[in-house]
Amino acid sequence: MTEKTRRERPAFNKIISATIERHYKDIQINRPLGYALMAPNPLVEIACAAGIQPAFPENYAAVSAVKHLSKKYCETAEAHQYAPDICSYCRNNLGYVYDSKENPPLGGLGRPDLLLLTSSACTHYFKWWDALHEIYKIPLIYINTPRVMEPQAMPDYYLAYAIREIEAAITQIEDIGGVKITPEQLSQAVTLSGEVVDYWQKLLELQKAAPCPVNLTDISNALFVLIALVGKQEGVDVIKAVYDETKQRVADGTGVFTKEEEKHRLMWINIPFWFNLGLFGYFEKRGCVFPLSDYTQYIWGTTKMDGARPLESLARKALGGELNSSLDDQIGKMIKDIKEYRIDGIIAHSNRSCRVLSVGIPDVVEVIRKELNLPSLVLDGDHTDERVYSDANIMNRIEAFLEMLG
Amino acid sequence: MSNILEHMARVIRDPSMVLSKERKERGCKMIGIFHPVVPEELIYAAGLRPVRLFPYIDDSITEGDAHLQTYLCSHVRAVWDQVMKGKYPYLDGAIIPRSCEAVTFLYQTWKRHNPYPFIDYINVPWKRSENAVDFFAKELGRIKNDLEEFAGNGISVDSLRNAIRVYNRNRGLLRKVYALRKAQAPVISGVEAFKAVMSSFVLDREEHSGLLEQLLTELSVRSPGPGAKVRLLVTGGCVIDARLWEMIEDSGASVVADDVNNGSRSVFTAVNETTEGPLTDLARRYAMVPCSFNTANTDRFTYISELIMGSNIQGVIFAINRNCEAEKFDYPNLDQKIREKFNLPTLHIETDYLTDMAPLRTRVEAFIEMLNAGGG
């Protein structure tokens, strides 16, 4: 076996790293601070219009996992009776909340002044933000939305409900903060959010090129903009830089590998093992690139945002995305994209902590195998709790899978 | 034991036999529902027969894992396993609510593999505002249309009003049975009350109400049980295994109140019969059902506090299924509040489908002994 050497990582990773560092510095300084759910959350744009600094506990849980602090935080949460069968993002965060916070990574997540929740993901989030509400005794602004099982035939009253929820949230934020969000401010935030989404969609299209211009780890980095910087000019500037560089790489024929060395184009299903991003380096050594992942493709940046219709756009954002959709809808998208991105194998992370992304996996891989005759590998694990990750077992299974792929 | 309670016990021992017989004799189409948040009245008003879906506690999960992974609630996995094994031959379909991920994916798996002619999903709001009630009423309107199409019957306002009356009567009678447990020396045990409420999920509600009236008459002249037993509240999600309730009471306690889906959460209040139109009336009542997945911790504590104060509770058992993330999430705060506000001892036991009772019995017995000794 000849190990493949990937080319230089795209320069935009440095821009993203600097952006993330800046975000965490802002968290230390700017007030009021709102803990915001990371899943498509229209309250981020509204916070932006209201001058509220958002912070993202899930992102911080992932950061903690990268720094191998998850064990400590999860154990602290478990000592406070949060059971191990609760999502490890939640346990990471609650462990952090109860931790002594000496030298936390990136300076810490700050103490929130309010909580910004939407129900477009899973039960865990409702209970998690409710637990934070109990701990901090601060206002909880909560947009409740229905789950949309058939996005193509969504009843009108779903949208009407979401719009009224957003209107109520705006009023609540104005009352709490003593601020007035003008229509112009809201429209501007939604317009900028829309520009970020447009660039993101064009960026994902570029991943269809062969060789694939950037890898999943690069795209996952850039995803931060879709979560934290929607509604800000900074977000547009950063994502444009990411797009421009990737576009240039496609024009130059620059990929993760040369076209000849790009041996396999794989799809990753679910959230990565944040504590072992080096795994993607192992795949690269074997000539494997990941142009496609449901995690980066179908959750964020899926809703067109129109500054002329800000409330409707924000409502559609709250209702949209894979986390609030159906398995049938997800499978349909995957089948289409697997063909368009010329994928030749599937790696699925059956993630005990993220049930909303994991439960359908047996059906997903079965359909892909039957309809597209593609091989798949399902890996059991957890997005941040390393204690349930068996490296030897995972690597043995990956090795066997790659041998089978040839 | 009374004849009525013996009948109820037989019903919950073999619901499949009861329901299959009824299906054959009356030819009524049966619709399974999950959790106490689905308004059964809509199904009843369509001329269909609502049946609460529970797994039969009799068989290991062997086929369900093909679709629902082992890190999901085994209660839900067992239902799907038994659907795949054809253990609900009387069913014609199901309505499954948005609650936890396990239940939501039970719907999606059900829809994809289509074991019965009818399947529907209902978005229950996770909020109790007027906006949420308005949305829920519209969602119930959609379900009503789907049921009308499936049943081939229109659901008139009068038929819906009648269904609400039938269910209100049944819930009211069950609340009367529950109220008997508040006495210092109750005439009905917790296990008997469990049988009364569980059989309501199987039998036709009018038939069940008739049984309850007879039972209440019997109980009105029954001698009270021993009054000195430790008085417990059991809280959890789906605590459906009769062996657990029996084990707790066999260990020397009396379960005089519960906060579980298959208990007080199903009967806690009536639907308003006179005001805003039946769909809004239903929405208003069912949006208030205090399940964990849709209820904030503060509201859950308010509900539990009323139970504790109303029933002179001496200890609380949290009986929570493995992988029931909503109940697990609520536990730390509820536990702390119960200890702080009421100075009550609590015990947390983890239950599961086909739980081995022996290790749990040891812990429950120790807890009850500690309470009997005046500890905590």
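These exercises cover a strand and several salt bridges in a predicted model.

Local features need pLDDT of at least 70 and side-chain atom pairs count only at pLDDT 80 or more, while totals for chains, interfaces and linings use all residues; side-chain values use heavy atoms, with hydrogens and water left out. Residues are numbered from 1 along each chain as its sequence is written, and chains are lettered from A and ligands numbered from 1 in the order in which they are written.

**Exercise 1. Place strand β3 of chain B among its neighbours.**

Step 1. Fix the terms. Helices (H or I, at least four residues) and strands (E, at least two) are DSSP runs, numbered from the N terminus. Two strands pair if DSSP finds at least two bridges between them.

Step 2. Take β1(B), residues 30–33. It pairs with β3(B) in the parallel sense, over four bridges. Met30(B) has Leu91(B) as its bridge partner in β3(B).

Step 3. Take β4(B), residues 118–122. Five bridges join β4(B) to β3(B), and the two run parallel. Here Ile96(B) stands opposite Tyr121(B).

Step 4. Add the helix. β3(B), helix α5(B) (residues 101–113) and β4(B) form a right-handed β-α-β unit. Right-handed means that, with the strands pointing away from the viewer, the path from the first strand over the helix to the second runs clockwise.

**Exercise 2. Why is β3(B) described as largely enclosed?**

Step 1. Set the cut-offs. Buried is under 20% relative accessible area, exposed is over 50%, and partly exposed lies in between (1.4 Å probe, protein chains only).

Step 2. Apply them. Seven of the seven residues of β3(B), residues 91–97, are buried, so the rest of the structure largely encloses the strand.

**Exercise 3. Describe the salt bridges of Lys71(A), Glu205(A) and Asp134(B).**

Step 1. Define the contact. A salt bridge puts a side-chain nitrogen of Lys or Arg within 4 Å of a carboxyl oxygen of Asp or Glu. The structure holds 66 over all chains.

Step 2. Lys71(A) meets Glu75(A) at 3.3 Å, N to O. They sit four residues apart in helix α4(A) (residues 70–79), so about one helical turn separates them. Lys71(A) is partly exposed at 46%. Glu75(A) is partly exposed at 35%. Both belong to a salt-bridge network with Glu78(A), Arg91(A), Asp385(A) and Arg387(A).

Step 3. Glu205(A) meets Lys208(A) at 2.9 Å, N to O. Glu205(A) is partly exposed at 45%, whereas Lys208(A) is buried at 17%.

Step 4. Asp134(B) meets Lys138(B) at 2.9 Å, N to O. Both lie in helix α6(B) (residues 130–151), four residues or about one turn apart. Asp134(B) is partly exposed at 31%. Lys138(B) is partly exposed at 36%.
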